[in-house]
Amino acid sequence: MGLRIHFVVDPQGWFCMGLIIFVWLFNTLFIPKIILFPHYEEEHISLVTLLCYYLVAFFCVVSLLRASVADPGRLPESPKIPVTERDFWELCNKCNMMRPKRSHHCSRCGHCVRKMDHHCPWINNCVGEDNHWLFLQLCFYTELLSSYTLLLDFCHCYYFEPLKKVNWDIFVFRHELALIRISTFMGLIMLIGITGLFYTQLTGIFNDTTSIEKLANCCEDISRPRKPWQQTFSEVFGTRWKILWFIPFRQRRPLRVPHHFANHV
Ligand SMILES: [Zn+2]
Ligand SMILES: [Zn+2]
């Protein structure tokens, strides 16, 4: 299930995701070239500072690509519903298929998604039960990468010693100030945007409520017994091992098999 590639045909989504990849490429190419490598060569920063930047950038792009092509939790054409679970399923009046409660029909993708949170144009995919953990990782690593980039831009302009050995005839150094300003601008936009999104995502998981349920002010679900936050987070990430919550190179396994029981008992 987790290995299934899911590709949404939506030119608007491709454009949005293209913008995100452009911001990532711009910073991952120019920040090391203008700031990290020259300052490392002149011994102003350590190798760890340089490697950490690449590591965070790598984790960020892996979670972006995986969140984008992962199956968010699409329902099969004719699901087998155990007799004991029938009360927890309902009919979607848009695609005429049975789905567990808390699923939602995404008009953009044209199908129902289990425990759908929202459709995100920036990853050109739905965020649902099976890829929510990757979306959270993407928010986390984008926050980290934007903050790191802004910190490096600031230190390069105001804190680090001036570079003495660089060749000022090379394109990136001739346009150094403009490139740093573009990087700072994009870093600020990403940091501010993702901080708001990440905050609502985290509060949603703390309260075991999806963004769609919040918008719809879903009264029936308010009666759900409140679970401890460790449990709701473990269910989203598919593991109780907190260190694995930060690792995008793994397969998510549902923690509790009949998830609709967990949500509606
Ligand atoms: Zn549907
Ligand atoms: Zn969708």
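Helices here are DSSP runs of H or I at least four residues long, and strands are runs of E at least two long. On that reading, residues 12-32 of this predicted model come out as 100% helix and 0% strand, and the end C-alpha atoms of the span sit 31 Å apart. The span is one of those that UniProt, in an unreviewed entry, labels "transmembrane region"; the record also puts that feature at residues 44-65 and 178-199. For residues 44-65, the helix share is 86% and the strand share 0%, with 34 Å between the end C-alpha atoms.

Stepping back to the whole chain, the model has 9 helices and 6 strands. Its C-alpha atoms fit in a box of roughly 75 × 40 × 30 Å along the principal axes. Of the 265 residues, 31% are buried. Among contacts with a separation of 6 or more, 66% link residues 24 or more positions apart.

Helix 1 is worth a closer look. This helix runs over residues 11-41 and has 31 residues. From first C-alpha to last it reaches 43 Å, close to the 45 Å expected at 1.5 Å a residue. It isn't straight, though: a kink of about 45 degrees is centred on Pro32. Pro32 is also the last position of the 12-32 span that the UniProt record marks as a transmembrane region. The buried residues of helix 1 include Gly13, Met17, Ile20, Val23 and Asn27, and, further along, Ile31, Ile34, Ile35, Leu36, Pro38 and His39. As for partners, the buried residues of this helix pack against helix 2, helix 3, helix 4 (171-174) and helix 5. Just past the helix comes Glu43, with a positive phi near 60 degrees.

Next, the core. The largest nonpolar core holds 40 residues, and those with the most contacts inside it are Val56, Cys60, Ala67, Phe135 and Tyr141. Two or more core residues come from each of helix 1, helix 2 (47-69), strand 4 (111-113), strand 6 (125-127), helix 3 (132-158), helix 5 (176-206) and helix 8 (229-237). Helix 3 chips in the most, with 9 residues.

Val56 gives a residue-level view of this core. Leaving aside residues up to four places away in sequence, Val56 touches Tyr141, Leu144, Leu145 and Tyr148. Of these, Tyr141 is itself among the residues with the most contacts inside the core. Val56 falls within helix 2 and the four partners within helix 3, so these contacts, each a pair of C-beta atoms within 7 Å, join the two helices.

Conventions: Residues numbered from 1 in each chain as written. Chains lettered and ligands numbered in written order. Predicted model: local features only at pLDDT ≥ 70, side-chain atom pairs only at ≥ 80, totals over all residues. Core = buried A, V, L, I, M, F, W, Y, C linked by C-beta atoms within 7 Å. Buried ≥ 20, exposed ≤ 12 C-beta atoms within 10 Å, placed from the backbone. Expected span 1.5 Å × (residues − 1). Bend = angle between axes of the 7 residues up to and from the residue. UniProt positions renumbered as here; feature names shortened; annotations may be inferred.
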